[in-house]
Amino acid sequence: MKTFSATPADIEKKWIVIDAEGVVLGRLASIIAMRLRGKHKPSFTPNQDMGDNVIVINAEKVQVTGNKREKPNYWHTGFPGGIKSRTTGQILEGAHPERVVMQAVKRMLPSNRLSRHQMTNLRVYAGAEHPHEAQSPEVVDVKSMNKKNTRV
């Protein structure tokens, strides 16, 4: 008996929509990362892009627990003295709230070429509208998977 190893011809990708309204950020990101890698499939192969295409809507309404809204996020411009910071709350209320979800998912994936490719299968939108209706995505209700997914 040999171990099954999927090839690109064996892979079937689906489109799924996840509504982030009222869902805790870390729990949402772990479910998205699992779907992007394809670990929910019985034919999971670590060296292949097995994951689904994930669309996240209402990213501006994601919940953060504890004092994480005041947690600073740092980045560097590349110039001397160019360190900058912005809190998670400022990013969520700013012009690009989808970056919080993108960063959380990116940090839950391994740091390699394959995960950078898998991140291209993630589309995050701040509002409830998305331009991917033609792909007829199926809805995955993350909120009802576990009672801890929502912040009370």
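# A tour from helix H2 to the salt bridges

Start by selecting Thr88, which lies in helix H2. The model on screen is a predicted one. Thr88 is buried, because its relative accessible area is 7%, and the cut-off for buried is under 20%. Show the residues around Thr88: leaving aside those up to four places away in sequence, Thr88 touches Lys68, Arg69, Lys71, Asn73 and Val100.

**The whole chain**

Now zoom out. The chain has four helices and six strands. Read from the N terminus, the elements follow the order β-α-β-β-β-α-α-α-β-β. The C-alpha trace spans about 55 × 40 × 30 Å along its principal axes. Of the 152 residues in the chain, 40% are buried. The exposed surface comes to about 9500 Å², with carbon and sulfur atoms supplying 52% of it. Among contacts between residues at least 6 apart in sequence, 68% join residues at least 24 apart.

**Helix H3**

Return to Val100, one of the residues that Thr88 touches. Select helix H3, residues 98–108, and color Glu98, Val100, Val101, Ala104 and Val105, which are buried. Look down the axis of H3: the buried residues fall within an arc of 160 degrees, so they line one face of the helix. An α-helix has 3.6 residues a turn, so residues three or four places apart point the same way. What covers the buried residues of H3? Display H1, helix H2 (88–93) and S5, which are included in that cover.

**Strand S2 and its partners**

Next select strand S2, residues 53–57. Five of its five residues are buried, so S2 is largely enclosed by the rest of the structure. Turn on the side chains. Which residues of S2 point one way, and which the other way? Asn53, Ile55 and Ile57 point one way, while Val54 and Val56 point the other way. In a regular strand the side chains alternate between the two faces of the sheet. Here the residues pointing either way are all buried.

Add strand S1, residues 15–19. S1 and S2 run parallel and are joined by five bridges. To find a place where they face each other, select Ile18, which stands opposite Val56 in S2. Then trace the chain from S1 through helix H1 (residues 25–37) to S2; this β-α-β crossover is right-handed.

Add strand S5, residues 122–124, as well. S5 pairs with S2 in the parallel sense over three bridges. Keep Val56 selected, since Val124 in S5 is the residue to show next: Val56 stands opposite Val124. Val56 therefore makes a useful marker, with Ile18 opposite in S1 and Val124 opposite in S5.

**Salt bridges**

Side chains of opposite charge can pair when their charged atoms come close. How many salt bridges does the structure hold? There are four.

Select Lys13 and Asp49. They form a salt bridge in which the closest N and O atoms are 3.3 Å apart. Lys13 is in the segment before S1 and Asp49 in the loop between H1 and S2, so the pair ties together parts that are 36 residues apart in sequence. Lys13 counts as partly exposed, at 35% relative accessibility, whereas Asp49 is buried, with a relative accessible area of 11%.

Move to Lys14 and Glu138, whose side chains meet in a salt bridge at 3.7 Å, N to O. Lys14 lies in the segment before S1 and Glu138 in strand S6 (residues 138–140), so this pair ties together parts that are 124 residues apart in sequence. Are these two residues buried or partly exposed? Lys14 is partly exposed, with a relative accessible area of 38%, and Glu138 is partly exposed, with 39%.

Finish with Asp52 and Arg35. Their side chains meet in a salt bridge at 3.6 Å, N to O. Asp52 lies in the loop between H1 and S2 and Arg35 in helix H1, so the pair ties together parts that are 17 residues apart in sequence. Both Asp52 and Arg35 are buried. Add Lys41 to the selection: salt bridges that share partners join Arg35, Lys41 and Asp52 into one network.

Definitions and conventions
Residues are numbered from 1 along each chain as its sequence is written. This is a predicted model: local features need pLDDT of at least 70, side-chain atom pairs count only at pLDDT 80 or more; totals for chains, interfaces and linings use all residues. Side-chain values use heavy atoms; hydrogens and water are left out. Buried means under 20% relative accessible area, exposed over 50%, partly exposed in between (1.4 Å probe, protein chains only). Helices (H or I, at least four residues) and strands (E, at least two) are DSSP runs, numbered from the N terminus. Two strands pair if DSSP finds at least two bridges between them. A crossover is right-handed if, with the strands pointing away from the viewer, the path from the first strand over the helix to the second runs clockwise. The arc is that of the directions from the helix axis to the C-beta atoms. Contact means heavy atoms within 4.5 Å. Accessible areas come from the Shrake-Rupley method with a 1.4 Å probe; for residues, only the protein chains shown count as cover.
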